[in-house]
Amino acid sequence: MKLYEYLGKELFERYGIPVPVGRVVENADQAAKAAAELNEVVIKSQVLTGKRGKAGGISFASSPEEAKKEAERIFSMELGGFTADKLLVEEKVQIEKEIYLALTVDGAAQRPVVLVSLDGGMDVEDVPEERMIRWPVDVTVGLQSFMVREICRKLGVEGSLQKEFLKLMPKVYKFFREMDAELAEINPLALTPNGLVAADAKVTIDDDALFRHPQLPRIKEKTALELKAEELDLAYVELEGDIAVMANGAGITMATLDMVQHYGGSPANFLDFGGGANVEKTSQALELLLGTNPKVLLINIFGGITRCDVVAEAFSRVRETKGIELPVSFRLVGTNETEGRAILEKAGIKSFTSMDEAVSHAVDLLNAS
Amino acid sequence: MAIYINDKTRVLVQGITGNQGSFHTGQMLAYGTRVIGGVSPGKGGQSVEGVPVYNTVFEAAEKEAADASILFVPAPFAKDAALEALAAGIKILVLIPEHIPLQDAMDIMAQARQNNAVVVGPNTFGLVSSGASKIGIMPNQYFVPGPIGVVSRSGTLCYEIVGHLTDNDVGTTTVVGLGGDRVVGLHFIDVLKEFENDPETKAVVLVGEIGGSAEEEAAAFIDSSMTKPVIAYLAGKSAPPGKRMGHAGAIIERGRGTFESKVEALTAAGAKVADLPTKVPALVKAAIDGN
């Protein structure tokens with residue numbers, strides 16, 4: 001779950017990471033009032049898309065009138081498909097240098113990794129490898145001062161900035177670990193006459209750890225259908241085509257989409273209903289798909305932890321209670337497949353054992369419809 | 001021979017009294033796995049499928065020490081259970097659950113590194129040395145002995161590929177599911193190294209998907225250190241960029257980890273890439289007949 005900048009900064013403050021003085025506002029009048037208190041301000045759209053600055057979602061003002069005008073403009077604009085409900089109005093900090101600092105997960109090393117560059121700012125993606133220092137941290141040891149000094153040596157940083165890093169980096173590491181962040185990115189980390197200040201905050205919290213953070217608001221950036229799928233704990237992505245696809249497992253679902261395309265069809269969605277779903281959840285997944293009005297339904301099940309009889313049971317139940325009008329191509333093999341196929345046969349539904357046959361049949365059904 | 005596990009491997013099931021734990025204990029026993037005990041705190045003294053249940057891993061070890069443990073406990077409690085298994089000396093730990101928090105996974109991996117233990121998963125189907133021992137949740141009937149090693153990031157897609165091999169009378173030595181999460185214990189390279197050194201494995205099938213750079217790293221290893229043929233299948237050719245397709249692994253970001261970059265890297269390393277799952281067996285047969 002991505003956090004809005006202002007939420008990220010609120011959490012930073014709790015961990016002692018310096019942030020600019022600011023106010024969260026919900027309308028242009030509040031923005032003017034904030035500007036009256038803070039004098040020179042920066043006004044930042046609170047949307048979850050990157051490149052806000054380049055798109056015009058960040059602006060400066062030196063009077064309440066100007067702040068009001070700019071706030072009105074930013075509230076009315078669309079950024080990456082989102083409009084802002086809130087703006088962050090902050091005192092303008094005097095930036096001597098823009099630094100990049102992030103903590104994220106290095107999957108290959110199985111460790112958190114510190115990323116630091118002295119070339120922070122708008123185009124940090126283009127910073128050459130050798131000017132971006134990567135330091136994986138063993139979690140049993142944690143981020144120690146010697147590591148920060150070593151990072152500083154690689155950066156060519158000493159003196160007062162090294163002292164600042166020694167204070168700041170362990171706080172960011174602590175934040176990253178305790179808040180179950182997947183990403184804690186500060187760009188720019190501003191070097192000001194008063195030391196380092198987090199001028200931005202890009203924080204992503206691990207969805208799987210949200211249960212440990214009941215105090216965090218739940219932020220959504222999805223379509224209504226995707227939200228519904230999330231409620232049901234399904235992995236669902238809307239696509240543009242006509243064949244609704246339901247499979248168990250992300251890999252096989254992707255391979256099914258690939259094969260649909262290979263045979264000349266176009267998938268309407270990606271729906272992975274996961275492993276080990278019961279009849280109830282499988283039925284809900286089916287009902288969700290049927291609600292999208294696809295032309296053909298393709299179900300591809302290779303049961304492992306998912307049991308074929310459970311899927312078959314769910315399908316025949318939904319068929320009986322809700323009716324399934326559209327043509328269906330069903331593939332069913334794996335754990336309890338004999339039981340599953342028996343249930344389908346009893347309901348008069350034909351099923352395939354091969355994925356190829358089921359997918360090409362689905363495309364044939366689409367072409368015939 | 002096979003890798004990691006064999007018919008002597010003694011297996012413990014953590015979370016054995018749950019729905020999945022008990023069902024798959026039965027399935028593993030039916031496959032021939034030596035399941036010697038189960039653990040469910042508060043349920044000690046019961047038995048599941050004839051397997052004795054203990055309250056703790058240490059209590060189980062007092063009766064008979066296990067070599068491996070498979071976890072079916074819910075994700076929020078997985079870290080505690082995994083650290084318990086490692087503390088009790090388990091050397092092969094199979095983490096079935098999905099949704100284990102990333103920070104927990106990193107804690108588990110750090111401890112496993114210190115103990116020289118192998119962690120498979122999380123979010124995996126486990127591993128099976130065909131005809132000898134299955135520590136996982138895959139359907140039994142497809143895993144028959146033969147000369148092919150299989151390593152996969154995704155679960156069901158791996159069954160699909162192994163199913164095609166089996167239908168074509170090509171069996172497997174060991175099949176390993178790496179797991180779909182961002183932090184997992186084993187990577188392609190670890191398993192490729194084992195297969196390269198396993199005299200029974202004649203060729204390796206690698207099942208990958210878009211996102212991350214694991215396939216590119218595998219390609220570099222194949223290029224530098226593999227003498228055995230490698231056949232690959234990759235999912236996600238049709239996936240639109242920037243969409244998360246199901247699990248943490250399957251996402252394309254910033255132009256890295258694309259389908260094209262992976263196919264290119266593997267092909268350049270000398271691996272054969274199948275464009276459909278059904279085409280894997282023919283490539284495998286050609287590779288082992290050519291040897």
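Mentor: Two strands pair if DSSP finds at least two bridges between them. Keep in mind that this is a predicted model.

Trainee: How many bridges join strand 3 of chain A to strand 5 of chain A?

Mentor: Strand 3 covers residues 41-45 of chain A, and strand 5 covers residues 87-91 of chain A. The two run antiparallel. The number of bridges joining them is 5.

Trainee: What is the bridge partner of Ser45(A)?

Mentor: Look for the partner in strand 5 of chain A. There, Ser45(A) is bridged to Leu87(A).

Trainee: Which helix of chain A runs at about 10° to strand 5 of chain A?

Mentor: The helix covers residues 28-38 of chain A. Strand 2, strand 3, strand 4 and strand 5 of chain A all lie under its path across them. The name is helix 2 of chain A.

Trainee: What angle does helix 4 of chain A make with strand 3 of chain A?

Mentor: Helix 4 of chain A, residues 64-76, packs on the sheet. The strands touched are strand 2, strand 3, strand 4 and strand 5 of chain A. With the direction of strand 3 of chain A, the helix direction makes about 15°.

Trainee: Which strands are the edge strands in the open sheet of chain A?

Mentor: This sheet has 4 strands with antiparallel pairing, in the order 2-5-3-4. An edge strand here pairs on one side only. That gives strand 2 (22-25) and strand 4 (58-61) of chain A.

Trainee: Why is one side of strand 9 and of strand 14 of chain B left without a neighbour in the sheet?

Mentor: The open sheet of chain B has 7 strands, mixed pairing and the order 9-8-11-10-12-13-14. Strand 9 (133-136) and strand 14 (272-274) of chain B stand at its edges. One side of each has no neighbour because each has a single partner strand.

Trainee: Which residue stands opposite Ser129(B)?

Mentor: Strand 8 (residues 126-129) and strand 11 (residues 172-177) of chain B pair in the antiparallel sense over 3 bridges. In strand 11 of chain B, the residue opposite Ser129(B) is Thr174(B).

Trainee: Are helix 7 and helix 8 of chain B roughly parallel or roughly antiparallel?

Mentor: Helix 7 (residues 214-225) and helix 8 (residues 259-268) of chain B have axes 8 Å apart. Their packing angle is about 10°. Angles under 35 degrees count as roughly parallel. So helix 7 of chain B is, relative to helix 8 of chain B, roughly parallel.

Trainee: How far apart are the C-alpha centres of domain 1 and domain 2 of chain B?

Mentor: Domain 1 spans 10-120 of chain B and domain 2 spans 138-290. The distance between their C-alpha centres is 27 Å.

Trainee: Which element gives the largest share of the side of domain 1 of chain B that touches domain 2 of chain B?

Mentor: The contact takes 11 residues from domain 1 of chain B and 9 residues from domain 2 of chain B. On the domain 1 side, helix 1 (19-31), helix 4 and strand 7 (118-120) of chain B each give two or more. The largest share, 5 residues, belongs to helix 4 of chain B.

Trainee: How many residues does helix 4 of chain B supply to the side of chain B that touches chain A?

Mentor: Chain A and chain B each put 44 residues into their contact. On the side of chain B, helix 3 (75-87), helix 4 (102-115) and helix 5 (156-167) each supply at least two. Helix 4 of chain B has the largest share, with 6 residues.

Terms used: Residues numbered from 1 in each chain as written. Chains lettered and ligands numbered in written order. Predicted model: local features only at pLDDT ≥ 70, side-chain atom pairs only at ≥ 80, totals over all residues. Contact = placed C-beta atoms within 7 Å. Axes fitted to C-alpha atoms, helices over the stretch in contact; angles between N-to-C directions. Parallel < 35°, antiparallel > 145°, perpendicular 65-115°, else oblique. Domains from an automatic or database assignment.
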